[in-house]
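Me: I would like to go through this structure with you and ask how each label is earned. Could you set the values against the definitions as we go?

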Amino acid sequence: MSDIIISLRDAVVSYREDVALQGVSLEVKKGELVGVMGPNGSGKTTILTLVNGLGKLLQGQVRVLGNTTENGFPTALRRKIGYVSQVHNIDPRMPVNVEEVVMMGRYGKLGILRRPGTMDRQVVAKMLHLVGMTHLTERPIGHLSGGEQQRVAIARALAQEPDILLLDEPTTGLDHRARVEIMHLVYEIHLARGLTTMMVTHEHKTATALCDKIILMKGGQIWDRGKPGEILRKEVLDRLYEH
Ligand code: ADP
């Protein structure tokens, strides 16, 4: 069996007249941690959307864990893909605590009519422990720092017990220390859970140390790709971000 579990072949995506991806091909092997970088609007999020089975292809093919997107991903497959989005501003009055937010990650497995059981609670507790949030289990979600909220978002995605983890700029808006901490946390969880991970990030320096492979996007195309040390050099990045 092939160890390639994510592949895009000549993927073309367009939102009305904008072409977001123009013929992107890539492969990710089981267990890889892949960083996706590039200027705003270059198509990074669109790649994650395709891998998550939600993108609309004009052309090409997406294959994830042996399934193609032609008819939409089956629910069983969607559950194997965890997604962590950018930091959101959460209303401090939101009446939901940390544990309840992470439990939402179980709903795909529970089905909406079933109540959480002992096993669900155990998984939630385990994931909260993994992200270092056990001490804040009862805290309302709106009373957390940005870094803590991202830890909860990661725990929620993990509560699904995914094989693939997708993260879209998980450190944007955080201070330097929290950014570095979250990047290292993603790395540790990636290894500990045996995940295959794709992360959109602007953290060039940390990504160089942690990622197995980097994909650089520009103008809806892959501009360069390779091992972080080879392609995340200053002169390469200066060219990538110049207009
Ligand atoms: P990035 O993640 O690199 O910032 P995106 O994948 O979000 O880039 O976007 C790629 C292009 O597609 C951009 O030109 C963006 O404006 C456009 N785009 C993204 N989402 C939508 C949408 N829902 N409707 C219309 N255009 C969109």
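The exchange below takes the ligand site and then single residues.

Reply: Happy to. This is a predicted model, in which local features need pLDDT of at least 70 and side-chain atom pairs count only at pLDDT 80 or more, while totals for chains, interfaces and linings use all residues. Residues are numbered from 1 along each chain as its sequence is written, and side-chain values use heavy atoms, with hydrogens and water left out.

Me: Which residues surround the ligand, and what puts a residue on that list?

Reply: A residue is near a molecule if one of its heavy atoms lies within 4 Å of it. The residues around the ligand are Tyr 15, Ala 20, Pro 39, Asn 40, Gly 41, Ser 42, Gly 43, Lys 44, Thr 45 and Thr 46. By class, 3 are nonpolar, 6 polar and 1 charged. Those classes count Ala, Val, Leu, Ile, Met, Phe, Trp, Tyr, Cys and Pro as nonpolar, Asp, Glu, Lys and Arg as charged, and the others, Gly among them, as polar.

Me: What makes the pair formed by Lys 44 and the ligand a polar contact?

Reply: A polar contact is a pair of N or O atoms within 3.5 Å; within protein, one must be able to donate a hydrogen and the other to accept it, and residues adjacent in sequence count only if both atoms are side-chain atoms. An N or O atom in the Lys 44 side chain is 2.7 Å from a ligand oxygen, so the pair meets the distance limit. The side chain of Thr 45 has an N or O atom 2.8 Å from an oxygen of the ligand. Gly 41 uses its backbone instead, with an N or O atom 2.7 Å from a ligand oxygen. The protein covers 65% of the 560 Å² of accessible area that the ligand has on its own, by the Shrake-Rupley method with a 1.4 Å probe, where for residues only the protein chains shown count as cover.

Me: Where does the ligand sit, and how do you know that it sits there?

Reply: The ligand sits in the second largest pocket. To sit in a pocket, more than half of a molecule's atoms must lie within 2 Å of its grid points. A pocket, on a 1 Å grid over the protein atoms alone, is an open set of points with protein on both sides within 12 Å along at least five of seven lines.

Me: Which element gives the largest share of the shell, and why is that element called largely enclosed?

Reply: The largest share, 3 residues, comes from helix α1, residues 44-51. Helices here are DSSP runs (H or I, at least four residues), and strands are runs of E, at least two, each numbered from the N terminus. Buried means under 20% relative accessible area, exposed over 50%, and partly exposed in between, with a 1.4 Å probe and protein chains only. In α1, 6 of the 8 residues are buried, so the helix is largely enclosed by the rest of the structure. The buried ones are Lys 44, Thr 46, Ile 47, Leu 48, Leu 50 and Val 51. Just after α1, Gly 53 takes a positive phi of about 80 degrees.

Me: Why is Asp 120 called buried?

Reply: Its relative accessible area is 4%, so Asp 120 falls on the buried side of the cut-off. Asp 120 lies in helix α5, residues 118-130, and its side chain reaches the backbone nitrogen of Gly 117 at 2.8 Å.

Me: What makes the phi of Glu 161 worth a remark?

Reply: Most residues other than glycine have a negative phi. Glu 161 has a positive phi of about 55 degrees although it is not a glycine. Glu 161 is in the loop between α6 (146-159) and β7 (164-168), and its 29% relative accessibility makes it partly exposed. Glu 169 also has a positive phi, near 45 degrees. Glu 169 is in the loop between β7 and α7 (176-192), and with 9% relative accessible area it is buried.

Me: Why is Arg 79 called partly exposed?

Reply: Its relative accessible area is 31%, so Arg 79 counts as partly exposed. Arg 79 is in the loop between α2 (75-78) and β6 (81-84). Arg 79 and Gly 108 are 29 residues apart in sequence and 6.5 Å apart in space, C-alpha to C-alpha.

Terms used
1 Å grid on protein atoms, 1.4 Å probe; cavity = no way out; pocket = protein on both sides within 12 Å on 5 of 7 lines; lining within 4 Å.
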